[in-house]
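Colleague: I am new to this structure and would like to go through it by question and answer. Please show it first.

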Amino acid sequence: MSMTFGLVMAKPGTNDGFGVIAGSGGVELGEYRSEHEGRKALLLIRGEEDTTEFVALVKTMGIEIVEVIAQSGNPDPKSYFGKGRLQDVSDELKMRSNKHPWSGVDLILVHSNASPRQLVGISKQVEIEVWDRVRLLLSLFQSHASSLEARTQVRIARLRSDITVLRELINQETTGERAGYGGGGVTGIQAALQNFNRELATLRKRLNKYAKAQAERRKKRIRSGAMTVGLVGYTNAGKSSLFRNLSGKQVLVQDKLFSTLETTIGRMEESPRILLADTIGFIDNLPSQTLEAFRATLAEAFECDLLILVLDSTDNEDELLRKLYTSLREIDSHTPLEDEQDPTSNTLTQEMMLILSKVDLATDERIAVSEQLVMEEGLDQPFLVSSHEGTGMAQLKNEILFRLYGPKVELLITPNPPDGGRDVRAYLSQVHDTGLVQEFTERKDGGFNVLFWCESGALAKLIGNSDGRIKKIE
Ligand SMILES: Nc1nc2c(ncn2[C@@H]2O[C@H](COP(=O)(O)OP(=O)(O)OP(=O)(O)O)[C@@H](O)[C@H]2O)c(=O)[nH]1
Ligand SMILES: [Mg+2]
(Lines give C-alpha, C1' and ligand atoms only; values in the text may rest on other atoms or scores of the structure.)
(Ligands and ions follow the chains in the order given, each with its own letter.)
Protein backbone atom coordinates (compact mmCIF):
# COMPACT_ATOMS: atom_id res chain seq x y z
CA MET A 1 0.00 0.00 0.00
CA SER A 2 1.51 3.31 -0.98
CA MET A 3 -0.40 5.71 1.22
CA THR A 4 1.67 8.46 2.70
CA PHE A 5 -0.85 10.34 4.77
CA GLY A 6 0.60 12.60 7.37
CA LEU A 7 -1.08 10.56 10.05
CA VAL A 8 -0.01 7.27 11.42
CA MET A 9 -2.63 4.59 11.43
CA ALA A 10 -2.96 0.93 12.23
CA LYS A 11 -2.30 -0.97 9.07
CA PRO A 12 -4.10 -4.26 8.71
CA GLY A 13 -2.16 -7.41 8.12
CA THR A 14 1.33 -5.96 8.50
CA ASN A 15 3.61 -5.01 11.32
CA ASP A 16 5.87 -2.47 9.68
CA GLY A 17 4.66 0.33 11.90
CA PHE A 18 3.82 2.46 8.91
CA GLY A 19 0.39 3.86 8.42
CA VAL A 20 -1.92 6.72 8.51
CA ILE A 21 -3.52 7.90 11.67
CA ALA A 22 -1.81 9.29 14.66
CA GLY A 23 -1.50 6.97 17.52
CA SER A 24 -1.81 3.47 16.38
CA GLY A 25 1.72 2.81 15.36
CA GLY A 26 0.61 -0.15 13.27
CA VAL A 27 1.14 -2.59 16.06
CA GLU A 28 0.15 -6.13 15.37
CA LEU A 29 -1.35 -8.71 17.62
CA GLY A 30 1.25 -10.83 19.31
CA GLU A 31 4.17 -8.45 19.49
CA TYR A 32 5.12 -5.36 21.45
CA ARG A 33 5.06 -3.87 24.91
CA SER A 34 5.78 -0.20 25.40
CA GLU A 35 7.40 1.26 22.37
CA HIS A 36 6.48 4.80 23.37
CA GLU A 37 8.77 4.91 26.39
CA GLY A 38 11.13 7.89 26.17
CA ARG A 39 9.19 9.79 23.52
CA LYS A 40 8.83 13.55 23.74
CA ALA A 41 5.59 15.39 23.15
CA LEU A 42 3.89 18.78 23.13
CA LEU A 43 0.53 19.09 24.82
CA LEU A 44 -2.13 21.35 23.30
CA ILE A 45 -4.90 22.66 25.57
CA ARG A 46 -7.86 24.98 25.06
CA GLY A 47 -9.19 27.02 27.96
CA GLU A 48 -8.58 26.26 31.59
CA GLU A 49 -8.73 22.50 31.80
CA ASP A 50 -7.43 20.35 34.61
CA THR A 51 -4.64 18.30 33.09
CA THR A 52 -3.82 16.06 36.05
CA GLU A 53 -5.39 12.87 34.75
CA PHE A 54 -4.19 13.37 31.20
CA VAL A 55 -0.64 14.01 32.39
CA ALA A 56 -0.80 10.88 34.58
CA LEU A 57 -1.84 8.84 31.56
CA VAL A 58 1.07 10.25 29.55
CA LYS A 59 3.50 9.57 32.39
CA THR A 60 2.24 6.02 32.70
CA MET A 61 3.40 5.51 29.13
CA GLY A 62 6.86 6.92 29.82
CA ILE A 63 6.32 9.87 27.50
CA GLU A 64 7.75 13.26 28.44
CA ILE A 65 5.67 16.40 27.90
CA VAL A 66 8.25 18.99 26.85
CA GLU A 67 5.88 21.92 26.75
CA VAL A 68 2.21 22.66 27.35
CA ILE A 69 0.79 25.08 24.80
CA ALA A 70 -2.50 26.65 25.77
CA GLN A 71 -4.90 28.73 23.75
CA SER A 72 -7.86 30.41 25.37
CA GLY A 73 -11.35 30.06 24.00
CA ASN A 74 -13.31 27.12 22.67
CA PRO A 75 -11.80 24.42 20.47
CA ASP A 76 -11.86 25.11 16.75
CA PRO A 77 -14.11 22.52 15.06
CA LYS A 78 -11.62 22.09 12.21
CA SER A 79 -8.28 21.97 13.92
CA TYR A 80 -8.78 22.30 17.71
CA PHE A 81 -6.34 25.23 17.87
CA GLY A 82 -7.02 28.28 15.74
CA LYS A 83 -5.39 28.19 12.34
CA GLY A 84 -2.80 30.88 13.09
CA ARG A 85 -1.72 29.40 16.39
CA LEU A 86 -1.40 25.94 14.90
CA GLN A 87 0.64 27.38 12.05
CA ASP A 88 3.02 28.91 14.63
CA VAL A 89 3.46 25.54 16.31
CA SER A 90 4.01 23.88 12.96
CA ASP A 91 6.57 26.50 11.83
CA GLU A 92 8.48 26.18 15.05
CA LEU A 93 8.52 22.39 14.75
CA LYS A 94 9.86 22.60 11.22
CA MET A 95 12.55 25.13 12.01
CA ARG A 96 13.85 23.68 15.28
CA SER A 97 17.54 22.91 15.61
CA ASN A 98 19.27 20.36 17.84
CA LYS A 99 19.44 22.82 20.70
CA HIS A 100 15.79 23.79 20.48
CA PRO A 101 13.76 22.75 23.55
CA TRP A 102 11.47 20.89 21.21
CA SER A 103 14.30 18.82 19.81
CA GLY A 104 13.26 15.19 19.71
CA VAL A 105 9.54 15.96 19.89
CA ASP A 106 7.71 13.58 17.57
CA LEU A 107 4.25 13.63 19.06
CA ILE A 108 1.48 16.18 19.56
CA LEU A 109 -0.99 15.45 22.32
CA VAL A 110 -4.43 17.03 22.31
CA HIS A 111 -6.08 17.46 25.67
CA SER A 112 -9.54 16.28 24.67
CA ASN A 113 -11.41 13.70 22.67
CA ALA A 114 -10.92 15.22 19.24
CA SER A 115 -13.27 14.70 16.32
CA PRO A 116 -11.90 12.93 13.23
CA ARG A 117 -12.03 16.30 11.51
CA GLN A 118 -9.87 17.93 14.15
CA LEU A 119 -7.40 15.04 14.12
CA VAL A 120 -7.01 15.29 10.39
CA GLY A 121 -6.83 19.08 10.60
CA ILE A 122 -4.01 19.11 13.12
CA SER A 123 -2.06 16.27 11.52
CA LYS A 124 -2.20 17.97 8.16
CA GLN A 125 -0.69 21.07 9.66
CA VAL A 126 2.00 19.75 12.01
CA GLU A 127 2.99 16.69 10.00
CA ILE A 128 3.99 14.66 13.02
CA GLU A 129 2.01 12.09 14.95
CA VAL A 130 -1.07 13.41 16.75
CA TRP A 131 -2.91 11.74 19.62
CA ASP A 132 -6.07 12.97 21.20
CA ARG A 133 -7.18 11.59 24.56
CA VAL A 134 -8.84 8.53 23.05
CA ARG A 135 -5.75 7.69 21.02
CA LEU A 136 -3.60 8.15 24.07
CA LEU A 137 -5.81 5.71 25.95
CA LEU A 138 -5.78 3.23 23.09
CA SER A 139 -2.00 3.34 22.94
CA LEU A 140 -1.84 2.84 26.67
CA PHE A 141 -4.22 -0.11 26.50
CA GLN A 142 -2.14 -1.52 23.70
CA SER A 143 1.05 -1.36 25.70
CA HIS A 144 -0.59 -2.94 28.74
CA ALA A 145 -2.42 -5.70 26.88
CA SER A 146 -0.76 -8.92 27.88
CA SER A 147 -3.00 -11.56 26.37
CA LEU A 148 -4.35 -12.33 22.95
CA GLU A 149 -7.84 -11.55 24.18
CA ALA A 150 -6.90 -8.13 25.51
CA ARG A 151 -4.95 -7.34 22.36
CA THR A 152 -7.94 -8.31 20.26
CA GLN A 153 -10.15 -5.96 22.25
CA VAL A 154 -7.73 -3.09 21.94
CA ARG A 155 -7.19 -3.74 18.26
CA ILE A 156 -10.94 -3.63 17.63
CA ALA A 157 -11.26 -0.35 19.50
CA ARG A 158 -8.35 1.08 17.54
CA LEU A 159 -9.65 -0.04 14.16
CA ARG A 160 -13.04 1.45 14.88
CA SER A 161 -11.41 4.70 15.79
CA ASP A 162 -9.16 4.69 12.72
CA ILE A 163 -12.11 3.95 10.49
CA THR A 164 -13.76 7.20 11.56
CA VAL A 165 -10.64 9.06 10.45
CA LEU A 166 -10.51 7.25 7.12
CA ARG A 167 -14.13 8.23 6.53
CA GLU A 168 -13.23 11.82 7.28
CA LEU A 169 -10.37 11.66 4.78
CA ILE A 170 -12.68 10.28 2.12
CA ASN A 171 -15.20 12.96 2.97
CA GLN A 172 -12.60 15.68 2.59
CA GLU A 173 -11.33 14.27 -0.68
CA THR A 174 -14.78 13.93 -2.20
CA THR A 175 -16.06 17.31 -1.05
CA GLY A 176 -13.03 18.98 -2.51
CA GLU A 177 -11.68 19.94 0.88
CA ARG A 178 -8.59 18.00 -0.08
CA ALA A 179 -6.71 16.52 2.79
CA GLY A 180 -3.53 17.11 0.85
CA TYR A 181 -2.27 13.61 1.40
CA GLY A 182 -0.56 11.95 -1.49
CA GLY A 183 -0.81 8.25 -2.16
CA GLY A 184 -3.77 6.80 -3.93
CA GLY A 185 -6.27 9.55 -3.09
CA VAL A 186 -9.83 8.42 -2.53
CA THR A 187 -9.25 5.01 -4.09
CA GLY A 188 -6.28 4.37 -1.83
CA ILE A 189 -8.17 5.39 1.27
CA GLN A 190 -11.16 3.34 0.23
CA ALA A 191 -8.95 0.30 -0.21
CA ALA A 192 -7.55 0.87 3.26
CA LEU A 193 -11.05 1.24 4.64
CA GLN A 194 -12.04 -2.08 3.12
CA ASN A 195 -9.02 -3.76 4.66
CA PHE A 196 -9.81 -2.30 8.04
CA ASN A 197 -13.41 -3.43 7.85
CA ARG A 198 -12.33 -6.91 6.85
CA GLU A 199 -9.93 -7.17 9.75
CA LEU A 200 -12.55 -5.80 12.09
CA ALA A 201 -15.00 -8.51 11.05
CA THR A 202 -12.39 -11.22 11.69
CA LEU A 203 -11.46 -9.83 15.06
CA ARG A 204 -15.08 -9.49 16.10
CA LYS A 205 -15.67 -13.14 15.34
CA ARG A 206 -12.67 -14.01 17.44
CA LEU A 207 -13.88 -11.87 20.29
CA ASN A 208 -17.32 -13.46 20.12
CA LYS A 209 -15.69 -16.83 20.50
CA TYR A 210 -13.89 -15.64 23.60
CA ALA A 211 -17.09 -14.19 25.00
CA LYS A 212 -18.92 -17.48 24.45
CA ALA A 213 -16.18 -19.48 26.11
CA GLN A 214 -16.22 -17.03 28.97
CA ALA A 215 -20.01 -17.31 29.34
CA GLU A 216 -19.63 -21.11 29.41
CA ARG A 217 -17.06 -20.92 32.16
CA ARG A 218 -19.32 -18.62 34.10
CA LYS A 219 -22.29 -20.96 33.77
CA LYS A 220 -20.17 -23.80 35.05
CA ARG A 221 -19.21 -21.74 38.05
CA ILE A 222 -22.83 -20.93 38.79
CA ARG A 223 -23.78 -24.58 38.46
CA SER A 224 -21.05 -25.50 40.90
CA GLY A 225 -22.84 -23.34 43.46
CA ALA A 226 -20.09 -20.73 43.67
CA MET A 227 -20.97 -17.10 44.27
CA THR A 228 -19.14 -14.29 42.50
CA VAL A 229 -18.07 -10.91 43.81
CA GLY A 230 -17.16 -8.31 41.17
CA LEU A 231 -14.59 -5.64 42.04
CA VAL A 232 -15.15 -2.50 40.00
CA GLY A 233 -14.11 1.14 40.17
CA TYR A 234 -12.17 3.92 38.56
CA THR A 235 -8.73 3.08 37.25
CA ASN A 236 -6.01 2.99 39.94
CA ALA A 237 -8.60 2.86 42.74
CA GLY A 238 -6.93 -0.16 44.31
CA LYS A 239 -9.06 -3.00 42.92
CA SER A 240 -6.22 -5.40 42.17
CA SER A 241 -4.63 -4.79 45.56
CA LEU A 242 -7.90 -5.67 47.21
CA PHE A 243 -8.26 -8.72 44.99
CA ARG A 244 -4.77 -9.80 45.94
CA ASN A 245 -5.47 -9.40 49.61
CA LEU A 246 -8.79 -11.27 49.49
CA SER A 247 -7.71 -14.07 47.18
CA GLY A 248 -4.00 -14.40 47.85
CA LYS A 249 -3.59 -14.57 44.08
CA GLN A 250 -0.76 -12.50 42.65
CA VAL A 251 -2.03 -10.02 40.09
CA LEU A 252 -0.34 -6.95 38.73
CA VAL A 253 -0.53 -3.97 41.06
CA GLN A 254 1.09 -0.75 39.92
CA ASP A 255 0.76 2.93 40.53
CA LYS A 256 -0.27 3.24 36.93
CA LEU A 257 -3.55 3.79 35.20
CA PHE A 258 -4.97 0.70 33.53
CA SER A 259 -2.56 -1.86 34.92
CA THR A 260 -5.42 -4.31 34.63
CA LEU A 261 -7.12 -4.77 31.27
CA GLU A 262 -8.78 -8.13 31.61
CA THR A 263 -10.79 -9.93 34.20
CA THR A 264 -9.04 -12.30 36.55
CA ILE A 265 -11.05 -14.70 38.67
CA GLY A 266 -9.75 -15.92 42.01
CA ARG A 267 -11.16 -17.67 45.04
CA MET A 268 -11.57 -15.89 48.31
CA GLU A 269 -9.04 -17.29 50.72
CA GLU A 270 -10.71 -19.22 53.54
CA SER A 271 -13.99 -19.18 51.56
CA PRO A 272 -13.21 -20.99 48.32
CA ARG A 273 -16.86 -21.13 47.31
CA ILE A 274 -16.74 -17.39 46.78
CA LEU A 275 -15.13 -16.18 43.59
CA LEU A 276 -13.71 -12.71 43.07
CA ALA A 277 -13.41 -10.92 39.75
CA ASP A 278 -10.81 -8.18 39.27
CA THR A 279 -11.29 -6.18 36.12
CA ILE A 280 -10.43 -3.16 33.97
CA GLY A 281 -11.06 0.21 35.61
CA PHE A 282 -13.40 2.96 34.48
CA ILE A 283 -12.38 6.32 33.11
CA ASP A 284 -14.33 9.43 32.22
CA ASN A 285 -15.52 10.17 28.80
CA LEU A 286 -14.51 7.13 26.85
CA PRO A 287 -16.53 6.94 23.64
CA SER A 288 -18.96 4.05 23.52
CA GLN A 289 -17.26 2.57 20.46
CA THR A 290 -14.08 2.23 22.49
CA LEU A 291 -15.83 0.88 25.53
CA GLU A 292 -17.76 -1.57 23.44
CA ALA A 293 -14.68 -3.70 22.89
CA PHE A 294 -14.31 -4.18 26.63
CA ARG A 295 -17.93 -5.15 27.26
CA ALA A 296 -17.31 -8.87 27.49
CA THR A 297 -14.44 -8.36 29.89
CA LEU A 298 -16.54 -6.16 32.12
CA ALA A 299 -19.50 -8.52 31.88
CA GLU A 300 -17.49 -11.11 33.73
CA ALA A 301 -17.22 -8.82 36.74
CA PHE A 302 -20.67 -7.26 36.46
CA GLU A 303 -22.66 -10.45 36.27
CA CYS A 304 -22.08 -11.33 39.84
CA ASP A 305 -23.94 -11.87 43.07
CA LEU A 306 -22.34 -8.91 44.76
CA LEU A 307 -20.72 -5.85 43.26
CA ILE A 308 -18.02 -4.02 45.19
CA LEU A 309 -17.35 -0.47 44.08
CA VAL A 310 -13.88 0.67 45.11
CA LEU A 311 -13.24 4.37 45.69
CA ASP A 312 -9.85 5.88 46.46
CA SER A 313 -9.93 7.56 49.88
CA THR A 314 -6.92 9.73 49.02
CA ASP A 315 -8.84 11.59 46.31
CA ASN A 316 -10.02 15.10 47.07
CA GLU A 317 -13.73 15.88 47.06
CA ASP A 318 -14.00 16.80 43.39
CA GLU A 319 -12.03 13.79 42.25
CA LEU A 320 -13.96 11.45 44.50
CA LEU A 321 -17.30 12.65 43.17
CA ARG A 322 -16.15 12.70 39.55
CA LYS A 323 -14.96 9.11 39.83
CA LEU A 324 -18.03 8.06 41.79
CA TYR A 325 -20.37 9.49 39.14
CA THR A 326 -18.40 7.88 36.33
CA SER A 327 -18.51 4.56 38.14
CA LEU A 328 -22.24 4.78 38.83
CA ARG A 329 -22.90 5.71 35.22
CA GLU A 330 -20.90 2.72 34.08
CA ILE A 331 -22.69 0.41 36.46
CA ASP A 332 -26.08 1.74 35.35
CA SER A 333 -25.34 1.56 31.67
CA HIS A 334 -23.94 -1.88 31.76
CA THR A 335 -26.30 -4.22 30.03
CA PRO A 336 -25.56 -7.86 30.66
CA LEU A 337 -24.99 -10.32 27.86
CA GLU A 338 -28.22 -11.62 26.44
CA ASP A 339 -28.64 -15.33 26.61
CA GLU A 340 -32.19 -16.45 25.99
CA GLN A 341 -31.43 -20.05 26.88
CA ASP A 342 -30.19 -19.24 30.30
CA PRO A 343 -32.12 -16.70 32.33
CA THR A 344 -29.51 -16.79 35.08
CA SER A 345 -26.90 -15.47 32.66
CA ASN A 346 -28.17 -11.93 32.69
CA THR A 347 -29.01 -11.22 36.23
CA LEU A 348 -27.31 -7.95 36.92
CA THR A 349 -27.13 -7.76 40.64
CA GLN A 350 -28.56 -4.80 42.47
CA GLU A 351 -26.56 -5.71 45.50
CA MET A 352 -23.66 -3.32 45.86
CA MET A 353 -21.11 -2.48 48.51
CA LEU A 354 -18.85 0.54 48.63
CA ILE A 355 -15.28 0.60 49.74
CA LEU A 356 -12.94 3.46 50.47
CA SER A 357 -9.50 2.05 49.74
CA LYS A 358 -5.97 3.04 50.78
CA VAL A 359 -7.10 4.39 54.16
CA ASP A 360 -3.52 4.07 55.43
CA LEU A 361 -2.62 6.96 53.12
CA ALA A 362 -5.51 9.31 53.88
CA THR A 363 -6.00 11.55 56.90
CA ASP A 364 -8.95 10.94 59.19
CA GLU A 365 -10.49 14.24 58.04
CA ARG A 366 -10.25 13.24 54.39
CA ILE A 367 -11.79 9.86 55.10
CA ALA A 368 -14.65 11.43 57.08
CA VAL A 369 -15.38 13.87 54.25
CA SER A 370 -15.32 11.07 51.68
CA GLU A 371 -17.68 8.94 53.73
CA GLN A 372 -20.02 11.88 54.07
CA LEU A 373 -19.98 12.58 50.33
CA VAL A 374 -20.76 9.00 49.47
CA MET A 375 -23.68 8.88 51.86
CA GLU A 376 -25.02 12.22 50.65
CA GLU A 377 -25.38 10.51 47.28
CA GLY A 378 -27.85 8.15 48.93
CA LEU A 379 -25.40 5.26 49.00
CA ASP A 380 -24.54 2.93 51.86
CA GLN A 381 -21.83 3.78 54.30
CA PRO A 382 -18.58 2.68 52.70
CA PHE A 383 -16.19 0.18 54.26
CA LEU A 384 -12.80 1.58 55.13
CA VAL A 385 -10.06 -0.68 53.95
CA SER A 386 -6.30 -0.76 53.51
CA SER A 387 -5.19 -3.65 51.37
CA HIS A 388 -1.58 -2.93 52.25
CA GLU A 389 -1.95 -2.88 56.01
CA GLY A 390 -4.94 -5.16 56.31
CA THR A 391 -7.10 -2.55 58.05
CA GLY A 392 -10.79 -3.39 57.79
CA MET A 393 -10.21 -6.62 55.89
CA ALA A 394 -11.72 -8.94 58.50
CA GLN A 395 -14.91 -6.86 58.68
CA LEU A 396 -15.02 -6.69 54.91
CA LYS A 397 -14.79 -10.46 54.58
CA ASN A 398 -17.58 -10.94 57.12
CA GLU A 399 -19.72 -8.40 55.31
CA ILE A 400 -19.18 -10.15 51.99
CA LEU A 401 -20.31 -13.42 53.55
CA PHE A 402 -23.27 -11.70 55.15
CA ARG A 403 -24.34 -10.08 51.89
CA LEU A 404 -24.05 -13.33 50.00
CA TYR A 405 -25.46 -15.72 52.56
CA GLY A 406 -27.33 -13.62 55.08
CA PRO A 407 -26.67 -13.77 58.81
CA LYS A 408 -24.65 -16.59 60.27
CA VAL A 409 -26.78 -19.56 61.28
CA GLU A 410 -26.16 -21.84 64.19
CA LEU A 411 -27.08 -25.46 63.70
CA LEU A 412 -27.28 -28.45 65.90
CA ILE A 413 -26.66 -31.86 64.41
CA THR A 414 -27.99 -34.46 66.77
CA PRO A 415 -25.85 -37.51 67.59
CA ASN A 416 -26.28 -40.94 65.98
CA PRO A 417 -29.52 -42.51 67.22
CA PRO A 418 -29.17 -45.81 69.12
CA ASP A 419 -31.08 -47.74 66.47
CA GLY A 420 -28.53 -46.83 63.77
CA GLY A 421 -29.52 -44.30 61.11
CA ARG A 422 -27.29 -41.96 59.25
CA ASP A 423 -23.93 -41.07 60.74
CA VAL A 424 -23.60 -37.63 62.28
CA ARG A 425 -20.44 -36.99 60.22
CA ALA A 426 -22.34 -37.56 56.99
CA TYR A 427 -24.65 -34.71 58.01
CA LEU A 428 -21.68 -32.58 58.96
CA SER A 429 -20.15 -33.07 55.55
CA GLN A 430 -23.49 -32.22 53.95
CA VAL A 431 -23.51 -28.97 55.89
CA HIS A 432 -20.03 -28.21 54.59
CA ASP A 433 -21.22 -28.82 51.05
CA THR A 434 -24.22 -26.55 51.43
CA GLY A 435 -22.75 -23.40 52.92
CA LEU A 436 -19.70 -21.83 54.40
CA VAL A 437 -18.73 -23.19 57.77
CA GLN A 438 -17.07 -20.73 60.09
CA GLU A 439 -16.58 -23.19 62.93
CA PHE A 440 -17.91 -26.48 64.21
CA THR A 441 -17.52 -28.13 67.59
CA GLU A 442 -18.20 -31.66 68.67
CA ARG A 443 -20.51 -31.93 71.64
CA LYS A 444 -20.12 -34.30 74.55
CA ASP A 445 -23.16 -36.25 73.34
CA GLY A 446 -21.48 -36.89 69.96
CA GLY A 447 -23.51 -34.29 68.08
CA PHE A 448 -22.13 -31.10 66.53
CA ASN A 449 -22.70 -27.38 66.80
CA VAL A 450 -22.01 -25.57 63.54
CA LEU A 451 -21.75 -21.87 62.84
CA PHE A 452 -22.12 -21.19 59.18
CA TRP A 453 -23.42 -19.04 56.34
CA CYS A 454 -25.90 -20.44 53.94
CA GLU A 455 -28.37 -19.25 51.33
CA SER A 456 -31.88 -19.52 52.86
CA GLY A 457 -33.39 -21.86 50.23
CA ALA A 458 -30.52 -24.28 50.53
CA LEU A 459 -30.76 -24.13 54.31
CA ALA A 460 -34.44 -25.00 54.28
CA LYS A 461 -33.71 -27.96 52.01
CA LEU A 462 -30.83 -29.11 54.18
CA ILE A 463 -32.98 -29.08 57.30
CA GLY A 464 -36.04 -30.48 55.54
CA ASN A 465 -34.14 -33.52 54.25
CA SER A 466 -32.38 -34.36 57.47
CA ASP A 467 -35.07 -36.46 59.18
CA GLY A 468 -35.02 -34.00 62.04
CA ARG A 469 -31.29 -34.52 62.65
CA ILE A 470 -30.31 -30.95 61.73
CA LYS A 471 -31.91 -28.15 63.69
CA LYS A 472 -31.52 -24.44 63.60
CA ILE A 473 -30.71 -22.85 66.93
CA GLU A 474 -32.52 -19.55 67.12
N1 LIG B 1 -0.70 2.65 50.62
C2 LIG B 1 -1.59 1.93 49.94
N3 LIG B 1 -1.51 1.86 48.60
C4 LIG B 1 -2.42 1.14 47.94
C5 LIG B 1 -3.47 0.43 48.59
N6 LIG B 1 -4.23 -0.18 47.67
C7 LIG B 1 -3.65 0.11 46.48
N8 LIG B 1 -2.57 0.89 46.62
C9 LIG B 1 -1.67 1.41 45.57
O10 LIG B 1 -2.45 2.07 44.60
C11 LIG B 1 -1.93 1.81 43.30
C12 LIG B 1 -3.01 1.22 42.41
O13 LIG B 1 -3.38 -0.03 42.94
P14 LIG B 1 -4.01 -1.18 42.05
O15 LIG B 1 -4.45 -2.24 43.00
O16 LIG B 1 -3.12 -1.58 40.94
O17 LIG B 1 -5.27 -0.40 41.48
P18 LIG B 1 -6.31 -0.87 40.33
O19 LIG B 1 -7.63 -0.28 40.71
O20 LIG B 1 -6.25 -2.34 40.16
O21 LIG B 1 -5.71 -0.09 39.09
P22 LIG B 1 -5.87 -0.40 37.50
O23 LIG B 1 -5.84 -1.88 37.29
O24 LIG B 1 -4.66 0.26 36.93
O25 LIG B 1 -7.13 0.25 37.06
C26 LIG B 1 -0.75 0.88 43.50
O27 LIG B 1 0.43 1.65 43.54
C28 LIG B 1 -1.01 0.25 44.85
O29 LIG B 1 0.18 -0.14 45.51
C30 LIG B 1 -3.53 0.53 50.03
O31 LIG B 1 -4.41 -0.02 50.71
N32 LIG B 1 -2.58 1.29 50.63
MG1 LIG C 1 -5.86 -3.42 38.54
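Colleague: How many nonpolar, polar and charged residues are in the shell around ligand 1?

Modeller: This is a predicted model, where local features need pLDDT of at least 70, side-chain atom pairs count only at pLDDT 80 or more, and totals for chains, interfaces and linings use all residues. Residues are numbered from 1 along each chain as its sequence is written, chains are lettered from A and ligands numbered from 1 in the order written, and side-chain values use heavy atoms, without hydrogens and water. Ala, Val, Leu, Ile, Met, Phe, Trp, Tyr, Cys and Pro count as nonpolar, Asp, Glu, Lys and Arg as charged, and the others, Gly among them, as polar. By these classes the shell has five nonpolar, eleven polar and five charged residues.

Colleague: Which residue has a polar side-chain atom 2.7 Å from a nitrogen atom of ligand 1?

Modeller: Lys239 does not fit, as its side-chain N or O atom lies 2.7 Å from an oxygen atom of ligand 1. Ser259 uses a backbone N or O atom, 2.7 Å from an oxygen atom of the ligand. The residue with the nitrogen contact is Asp360.

Colleague: Which residues are the protein donors of the magnesium ion (ligand 2)?

Modeller: Donors are N, O and S atoms within 2.8 Å of the metal (3.2 Å for Na, K and Ca); water is not among the atoms, so sites may look incomplete. Here the donor atoms are OG and OG1, lying 2.0 to 2.1 Å from the ion. They belong to Ser240 and Thr260.

How values were computed
Polar contact = N/O pair within 3.5 Å; in protein donor to acceptor, adjacent residues only side chain to side chain.
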